Amino acid sequence: MKHLSARKALRRPFRFPAARAFAIGIAACALAAPALGQAQDDRMTPIAAPAQPDAIELGTGALPGATAKESWHRQYGSRFARNVTVATLTPFLPDPAKASGAAVVVAPGGGFRTLSMDNEGYDVARALAARGVAAFVLKYRLRQTPADMAGFERSMQEMFSGVARTPLPAPASAATDLAPQLADSTAAFRLIRARAAQWHVDPDRIGMIGFSAGAMLTMATTLSTTEAKPAFIGNIYGPLGSMTVPRDAPPMFAAIAADDPLFGNRDFKLIDDWRAAHRPVEFHLYEQGGHGFGMYPKATTSTGWFDAFVRWIDMHGMLKRAR
């Protein structure tokens with residue numbers, strides 16, 4: 001695995017309360033119900049860490065002060081990672097004959113305490129690669145949780161208790177609270193650009209898409225760093241409250257379900273902020289889908305978000321192959 005050095009590249013404060021975001025976002029795992037046929041498979045079952053031969057360490061170092069080691073579990077038929085202490089990037093490259101040159105950094109969610117590696121990571125990346133888009137799953141460093149599953153489940157229950165009704169506090173900077181994760185996402189962009197020729201990627205067409213907490217990281221990467229500069233972004237069931245939008249903000253695609261118990265009943269002022277800054281934005285508010293629908297084959301129109309996202313980046317010229 002190749003190690004890359006990480007350097008700090010922060011600018012204006014990211015206008016979202018990241019400290020409370022940890023508490024709110026952790027509920028995503030408990031709310032990420034898949035298709036009805038899998039609803040009974042909601043227990044968290046420890047599993048061995050899968051082989052990850054293509055994962056590339058990003059060189060951002062081990063999580064400071066970490067004592068618990070990375071572990072994995074299965075829930076809803078999908079795999080989750082937690083206590084991630086070393087960040088990696090896993091490439092999913094399209095057939096060279098179909099490669100468009102576009103690329104996307106995929107940031108799974110899980111409240112910064114776990115990562116939905118299949119539903120919001122690998123499955124998304126495979127689907128993008130099938131459309132000619134190089135996809136890179138970012139396994140970013142997480143906040144520490146109890147090493148044992150019972151302790152982890154208790155901590156989840158404590159964090160989830162009443163959190164969906166907790167009002168968001170005043171805007172604050174995420175630069176400190178998300179420092180390790182921002183270093184990881186920035187290093188991911190640096191690595192992709194360094195290997196752009198090898199991976200048949202256009203350095204000017206690298207975007208980022210995130211889910212729930214991954215959407216928070218996507219917004220922070222866009223608004224709080226100077227180096228990453230994503231060409232386009234996807235905010236999938238992340239908070240859509242008001243933020244300061246710069247004039248050079250990239251095109252944004254946002255999708256959320258109206259029955260999302262975390263963010264569906266809050267305001268969507270971020271869409272208006274993007275429009276007020278005269279930046280391109282597309283917003284999909286689905287009637288049903290809950291939180292964490294991702295790539296699960298649910299019987300709701302929210303399942304169509306992926307096709308809509310691909311059509312959207314195509315509309316912006318991201319899928320036009322270089323001659």
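These notebook entries record what I looked up in this predicted model.

**Entry 1, the chain as a whole.** I began with the overall make-up, and I noted 9 helices and 12 strands in the chain. Of its 323 residues, 58% are buried. I then turned to contacts with a separation of 6 or more, and found that residues 24 or more positions apart account for 80% of them.

**Entry 2, the sheet.** I followed the strands across the open sheet, which has 8 of them in the order E2-E5-E8-E6-E9-E10-E11-E12, with mixed pairing. The edges are strand E2 (56-57) and strand E12 (281-286), each of which pairs on one side only. Helix H5 (residues 179-194) packs on this sheet and touches E2, strand E5 (88-92), E6, strand E8 (134-139) and E9, while its direction makes about 145° with that of E9.

**Entry 3, strand E8 and its neighbours.** I wanted to know how E8 is held between its two partners in the order. With E5, strand E8 pairs in the antiparallel sense over 5 bridges, and with E6 it pairs in the parallel sense over 4 bridges. Phe-136 of E8 appears on both sides, as the bridge partner of Pro-91 and as the bridge partner of Val-105. I next checked burial, and 6 of the 6 residues of E8 are buried, so this strand is largely enclosed by the rest of the structure. Ala-134, Phe-136 and Leu-138 point one way from E8, whereas Ala-135, Val-137 and Lys-139 point the other way, and all are buried, the lysine included.

**Entry 4, E6 with E9.** Moving along the sheet, I found that strand E6 (residues 103-107) and strand E9 (residues 206-211) pair in the parallel sense over 5 bridges. Within this pairing, Val-106 has Ile-209 of E9 as its bridge partner.

**Entry 5, H5 against H7.** I looked at how H5 meets helix H7 (residues 213-224), and their axes come within 10 Å and cross at roughly 75°. An angle from 65 to 115 degrees counts as roughly perpendicular, and therefore H5 is roughly perpendicular to H7. On the H5 side the contact is made by Gln-181, Leu-182, Ser-185 and Phe-189, and on the H7 side by Leu-217, Ala-220, Thr-221 and Ser-224. I sorted the residues of this contact by character, which gave 4 nonpolar, 4 polar and no charged.

**Entry 6, the nonpolar core.** The largest nonpolar core has 84 residues, and Leu-128 and Trp-305 are those with the most contacts inside it. Helix H9 (residues 305-315) gives this core its largest share, 7 residues. I listed what Leu-128 touches, leaving aside residues up to four places away in sequence, and the list is Val-104, Val-106, Val-133, Ala-135, Phe-306, Phe-309 and Val-310.

**Entry 7, helix H9.** I went through H9 for burial and noted Trp-305, Phe-306, Ala-308, Phe-309, Val-310, Trp-312 and Ile-313 as buried. What covers these buried residues includes helix H3 (118-130), E9, strand E10 (233-236), strand E11 (252-257) and E12. Just after the helix, Gly-317 takes a positive phi of about 80°.

**Entry 8, a loop residue.** Last, I asked whether Phe-112, which lies in the loop between E6 and strand E7 (114-116), is buried or exposed. Since buried means under 20% relative accessible area, Phe-112 counts as buried at 1%. I also checked Phe-112 against Arg-82, which is 30 residues apart from it along the chain, and their C-alpha atoms are separated by 8.8 Å.

Definitions and conventions
Residues are numbered from 1 along each chain as its sequence is written. This is a predicted model: local features need pLDDT of at least 70, side-chain atom pairs count only at pLDDT 80 or more; totals for chains, interfaces and linings use all residues. Side-chain values use heavy atoms; hydrogens and water are left out. Two strands pair if DSSP finds at least two bridges between them. Contact means heavy atoms within 4.5 Å. Axes are lines fitted to C-alpha atoms, for helices over the stretch in contact, and angles run from 0 to 180 degrees between N-to-C directions. Angles under 35 degrees count as roughly parallel, over 145 as roughly antiparallel, 65 to 115 as roughly perpendicular and the rest as oblique. Ala, Val, Leu, Ile, Met, Phe, Trp, Tyr, Cys and Pro count as nonpolar, Asp, Glu, Lys and Arg as charged, and the others, Gly among them, as polar. A nonpolar core is a set of buried Ala, Val, Leu, Ile, Met, Phe, Trp, Tyr and Cys residues joined through side-chain atoms within 4.5 Å. Buried means under 20% relative accessible area, exposed over 50%, partly exposed in between (1.4 Å probe, protein chains only).
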